[in-house]
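Q: Please take a close look at one part of this structure for me. I am a first-year student, so keep the sentences short.

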Amino acid sequence: LVDGYNEYWKTGSSTRYPWCAMACSTWIGVGLGLGTSSTTIDWAKHPFKKYFGGAAQIEDWAKKNGGFVEGSGTPPAGGCFTMARGGSGSDTGGSAAKAGHVGLIVCDNGDGTFTTVEGNVSNKVKSYRRKKADVIGYEKWWV
């Protein structure tokens, strides 16, 4: 999921960055048949047009492209959600008002929660039940 990120962005670093957005970027690309891994995806054909590494990048992209929906509404299945880093379980730091974690939405559970698949929560890929009230917003990448 994260191979090739530093090379793609020419960071010149061997540091492993938080990878929730890298996972979402890759999963969307693989799901669209644009490649089989982050290093083979044709990023020019990806809706984002880039290999994003940050939750705020995905949220900003959605806002600029008309795909952002304020949180607590109906989560779009297959879309992304953003939330503050502190409530995600991946990192306790960060602002409550700024996107610090992102994942993919599986479904709305109809009870104020939705089911997700996420990367970089306890350094794993996991499925969660998230409260709608805890998210900043939803991102429709197919706009």
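Q: Which elements do the buried residues of helix 3 pack against? Take that helix as the starting point, and then show me what surrounds it.

A: In this predicted model, the buried residues of helix 3 pack against helix 2, strand 1, strand 2, strand 3 and strand 6. Helix 3 covers residues 55-64. Its buried residues are Ala55, Ile58, Glu59, Trp61 and Ala62. Look down the helix axis, and these residues fall within an arc of 160°, so they line one face of the helix. The helix lies across strand 1, strand 2, strand 3 and strand 6. It runs at about 65° to strand 3. After helix 3 comes Gly66. The phi of Gly66 is positive, near 75°.

Now turn to the sheet. It is open and has six strands. Their order is 1-6-2-3-4-5, and the pairing is antiparallel. Strand 1 (68-70) and strand 5 (124-131) stand at the edges. Each has a single partner strand, so one side of each is left without a neighbour in the sheet. On average, neighbouring strands are turned by 35° against each other, direction ignored.

One pair in this sheet is worth tracing. Strand 3 spans residues 99-108, and strand 4 spans residues 113-121. The two pair in the antiparallel sense over four bridges. Find Leu104, and you will see Val117 of strand 4 standing opposite.

Helix 2 (residues 20-31) also lies across strands. These are strand 2 (80-84), strand 3, strand 4 and strand 5. Helix 2 runs at about 40° to strand 3. For helix 3, the angle to strand 3 is about 65°. Helix 2 is also one of the elements that the buried residues of helix 3 pack against.

Next, follow the chain between the two helices. His46 sits in the loop between helix 2 and helix 3. Is His46 buried or exposed? Its relative accessible area is 0%, so His46 is buried. The cut-off for buried is under 20%. His46 touches Ser25, Ile28, Gly29, Leu34 and Ile41, leaving aside residues up to four places away in sequence. The side chain of His46 also reaches the backbone nitrogen of Phe48, at 3.0 Å.

Lys45 takes part in a salt bridge with Asp42. The closest N and O atoms of that pair are 3.8 Å apart. Lys45 is exposed, with a relative accessible area of 58%. Asp42 is partly exposed, at 31% relative accessibility.

Side chains of opposite charge can pair when their charged atoms come close. A search of the whole structure finds five salt bridges. Two of them involve strand 5, and they are worth a look. In one, the side chains of Asp111 and Arg129 meet at 2.8 Å, N to O. Asp111 lies in the loop between strand 3 and strand 4, and Arg129 lies in strand 5, so the pair ties together parts that are 18 residues apart in sequence. Asp111 is partly exposed at 46% relative accessibility. Arg129 is exposed, with a relative accessible area of 53%.

In the other, Glu118 forms a salt bridge with Arg130. Their closest N and O atoms are 2.7 Å apart. Glu118 lies in strand 4 and Arg130 in strand 5, so this pair ties together parts that are 12 residues apart in sequence. Glu118 counts as buried, at 0% relative accessibility. Arg130 counts as buried too, at 9%.

Two aromatic residues complete the tour. Tyr5 is in helix 1 (residues 5-9). Tyr5 is buried, with a relative accessible area of 10%. Leaving aside residues up to four places away in sequence, Tyr5 touches Tyr17, Met22, Tyr51, Phe52, Gly53 and Gln57. Gln57 belongs to helix 3, which covers residues 55-64. Met22 belongs to helix 2, residues 20-31.

Trp142 is found in the segment after strand 6. Trp142 is partly exposed, with a relative accessible area of 42%. Trp142 touches Pro76, Ala77, Gly78 and Gly79, again not counting residues up to four places away in sequence. Trp142 and Ala77 are 65 residues apart along the chain. Their C-alpha atoms are separated by 11 Å.

Technical notes. Residues numbered from 1 in each chain as written. Predicted model: local features only at pLDDT ≥ 70, side-chain atom pairs only at ≥ 80, totals over all residues. Heavy atoms only, no water. Pairing = 2+ DSSP bridges. Axes fitted to C-alpha atoms, helices over the stretch in contact; angles between N-to-C directions. Contact = heavy atoms within 4.5 Å. Buried < 20%, exposed > 50% of the residue type's maximum accessible area, 1.4 Å probe, protein only. Arc of directions from axis to C-beta. Polar contact = N/O pair within 3.5 Å; in protein donor to acceptor, adjacent residues only side chain to side chain. Salt bridge = Lys/Arg side-chain N within 4 Å of Asp/Glu carboxyl O.
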